[in-house]
Amino acid sequence: MDVVIHCYRCSFGLDAGDHALQPLEDRLAQKPTITVPTVTLDGATDPLKPGGTADHASMFVGLHEHRIVDAGHNLPQQAPQAFADAVFKVRDWSALKGL
């Protein structure tokens, strides 16, 4: 529980993260484009992302598919088949591209 609470505190800027990871945080803050095959999922009833993340699509310059799933915030538990389907889709794309 302490790890989860710390994660959320870091996400909201209320606590410092691991200093060893700061170089990665700095790179991510530049919002680089994402070139690897990706399936993004939004839970239709996710209370933490009410509008979803479809507006992030421009960040994905490789193969990308966005799906809205009938679930809340915990997609692997609430919609395991949809989650697994997304993982398999990325696996299939990666195999085609030789990744």
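Buried residues make up 18% of the 99 residues in this chain. The structure is a predicted model. The chain holds four helices and two strands, arranged along the sequence as α-α-β-β-α-α. The points below cover the overall layout, the core, helix α2 with the loop after it, Met-59, and the charged residues.

**Overall layout**

- Along its principal axes, the C-alpha trace spans about 40 × 30 × 25 Å.
- About 7,500 Å² of the chain is exposed, and carbon and sulfur atoms supply 60% of that area.
- Taking contacts between residues at least 6 apart in sequence, 71% join residues at least 24 apart.
- In the order of elements, two helices come before the two strands and two helices come after them.

**The nonpolar core**

- In soluble globular proteins, nonpolar side chains tend to be buried together.
- The largest nonpolar core in this chain has eight residues: Val-39, Leu-41, Val-69, Ala-71, Leu-75, Ala-79, Ala-86 and Trp-93.
- Strand β1 (38-43) and helix α4 (80-97) each supply at least two residues of this core.
- Ala-79, one of the core residues, is in contact with Val-69 and Ala-71 when its neighbours within four places in sequence are left aside.
- Val-69 and Ala-71 are themselves members of the core.

**Helix α2 and the loop after it**

- Helix α2 covers residues 22-29, and the count of buried residues among its eight residues is zero.
- Lys-31 comes just after α2 and lies in the loop between α2 and β1.
- Most residues other than glycine have a negative phi.
- Lys-31 has a positive phi of about 55° although it is not a glycine.
- Lys-31 counts as exposed because its relative accessibility is 61%, and the cut-off for exposed is over 50%.
- Pro-32 also lies in the loop between α2 and β1.
- Pro-32 has 42% relative accessibility, so it counts as partly exposed.
- Not counting neighbours within four places in sequence, Pro-32 is in contact with Arg-27 and Met-59.
- Pro-32 and Ala-86 are 54 residues apart along the chain, and their C-alpha atoms are separated by 22 Å. Ala-86 belongs to the nonpolar core described above.

**Met-59**

- Met-59 is found in the loop between β1 and β2 (64-69).
- Leaving out residues up to four places away in sequence, Met-59 touches Lys-31, Pro-32, Thr-33 and Ile-34. Among them, Lys-31 and Pro-32 lie in the loop between α2 and β1.
- The relative accessible area of Met-59 is 26%, so this residue is partly exposed.
- Buried means under 20% relative accessible area, and therefore Met-59, at 26%, does not count as buried.
- The C-alpha atoms of Met-59 and Tyr-8 are separated by 23 Å, and the two residues are 51 apart along the chain.

**Charges and salt bridges**

- The chain has 8 positive and 12 negative charges, and the mean positions of the two sets are 7 Å apart.
- Side chains of opposite charge can pair when their charged atoms come close.
- A search of the whole structure finds three salt bridges.
- One of them joins Asp-15 and Arg-9, whose closest N and O atoms are 3.8 Å apart. The cut-off for a salt bridge is within 4 Å, so this pair counts as one.
- Asp-15 is partly exposed at 34% relative accessibility, and Arg-9 is partly exposed at 35%.
- Another salt bridge links Arg-67 with Glu-65, with the closest N and O atoms 2.7 Å apart.
- Arg-67 has 21% relative accessibility and Glu-65 has a relative accessible area of 26%, so both count as partly exposed.
- The side chains of Arg-91 and Asp-92 also meet in a salt bridge, at 2.9 Å from N to O.
- Arg-91 is partly exposed with a relative accessible area of 48%, and Asp-92 is partly exposed at 38%.

Conventions:
Residues numbered from 1 in each chain as written. Predicted model: local features only at pLDDT ≥ 70, side-chain atom pairs only at ≥ 80, totals over all residues. Heavy atoms only, no water. Core = buried A, V, L, I, M, F, W, Y, C linked by side-chain atoms within 4.5 Å. Buried < 20%, exposed > 50% of the residue type's maximum accessible area, 1.4 Å probe, protein only. Contact = heavy atoms within 4.5 Å. Areas by Shrake-Rupley, 256 points an atom, 1.4 Å probe, with all protein chains shown as cover. Lys, Arg positive; Asp, Glu negative; His and termini not counted. Charge placed at Lys NZ, Arg CZ, Asp CG, Glu CD.
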